[in-house]
Amino acid sequence: MHGGGTINLRDVQIKGLKLFDGISSKTGQNGLNNPDMKGIEIKSTIDKNLINIEPFTFSVASFRPTIKGTTSFDGLLDLRMRLGLPLFGIIGFPIVITGTHDAPKIKIFSKTGQEINPAVYDEKNNKVIRKEKVSKSKTK
């Protein structure tokens, strides 16, 4: 699958997303749990069944997170986040999110993630030869 586009979030409240729940518990900041997201534009591309997310910043509670990275339709994650601290988000710390949507692994003060290798298809027979999987090499 190939493509791309922009997701515009006008006024969304996220509830029960394990990614934000995990970040909230790791950082001890409950304001990140079930965040309200308004006026956010997320640009992404899809190439070989991988979704590449360009950096986007938003405000939640008094924080200014910036998120970028790669995810797959199977739920694999390789995301980088910078959690900008109050006031104005000028000072922040890095967070890496790997694992899956159902079981995210969150590393605070880390910049090393996991690379996701794309799926391989036999286009002639419309068949998956190899599903996307996590690479053994690490990315920064």
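The buried residues of helix α1 (buried meaning under 20% relative accessible area, exposed over 50% and partly exposed in between, with a 1.4 Å probe and protein chains only) pack against β4, β5, β6 and β7. Contact here means heavy atoms within 4.5 Å. Helices (H or I, at least four residues) and strands (E, at least two) are DSSP runs, numbered from the N terminus. The model is a predicted one, in which local features need pLDDT of at least 70 and side-chain atom pairs count only at pLDDT 80 or more, whereas totals for chains, interfaces and linings use all residues. Residues are numbered from 1 along each chain as its sequence is written, and side-chain values use heavy atoms, with hydrogens and water left out.

Helix α1 comprises residues 18–27 and lies across β4, β5, β6 (92–99) and β7, running at about 35° to β7. Axes are lines fitted to C-alpha atoms, for helices over the stretch in contact, and angles run from 0 to 180 degrees between N-to-C directions. The buried positions of α1 are L19, F20, G22, I23, S24 and T27. Just after α1, G28 adopts a positive phi of about 75°.

The strands beneath this helix belong to an open sheet of 7 strands, ordered β1-β2-β3-β4-β5-β6-β7 with antiparallel pairing. Strands β1 (2–13) and β7 (104–108) stand at the edges with a single partner strand each, so one side of each lacks a neighbour in the sheet. On average, neighbouring strands of the sheet are turned by 15° against each other, direction ignored. Two strands are taken to pair if DSSP finds at least two bridges between them.

Strand β4 (residues 64–72) pairs with strand β5 (residues 77–84) in the antiparallel sense over 8 bridges. Within this pair, T71 stands opposite L77 in β5, and T70 stands opposite D78 in β5. The hairpin of β4 and β5 has 4 residues between the strands, and G75 in this hairpin takes a positive phi near 100°. Of the 8 residues of β5, 7 are buried, so this strand is largely enclosed by the rest of the structure. On the β6 side, β5 and β6 pair in the antiparallel sense over 6 bridges, and I95 in β6 is the bridge partner of M81. Strands β6 and β7 are likewise antiparallel, with 5 bridges, and I106 in β7 is the bridge partner of I97. A hairpin of 4 residues joins β6 to β7.

The largest pocket encloses about 470 Å³ of space. On a 1 Å grid over the protein atoms alone, a pocket is an open set of points with protein on both sides within 12 Å along at least five of seven lines, in contrast to a cavity, where a 1.4 Å probe fits but cannot get out; lining residues have an atom within 4 Å of a point. Grid points are joined across faces, edges and corners, and the volume is the space filled by probe spheres set on the points. The lining of the largest pocket consists of 17 residues, of which L17, I42, I53, F56 and L79 are the closest to its centre. At least two lining residues come from each of β1, α1, β2 (36–47), β3 (50–57), β4 and β5. By class, the lining has 14 nonpolar, 3 polar and no charged residues, where Ala, Val, Leu, Ile, Met, Phe, Trp, Tyr, Cys and Pro count as nonpolar, Asp, Glu, Lys and Arg as charged, and the others, Gly among them, as polar.

Several loop positions were also examined. N49 is located in the loop between β2 and β3 and has a positive phi of about 70° although it is not a glycine; N49 is buried, with a relative accessible area of 11%. F109, in the loop between β7 and β8 (113–117), also has a positive phi, near 55°, in a residue other than glycine, but F109 is exposed at a relative accessible area of 63%. S110 occupies a place in the loop between β7 and β8 and counts as buried at 14% relative accessibility. With neighbours within four places in sequence left aside, S110 is in contact with P94, I95 and V96.

In edge strand β1, N8 is exposed, with a relative accessible area of 51%. Leaving aside neighbours within four places in sequence, N8 is in contact with I40 and E41.
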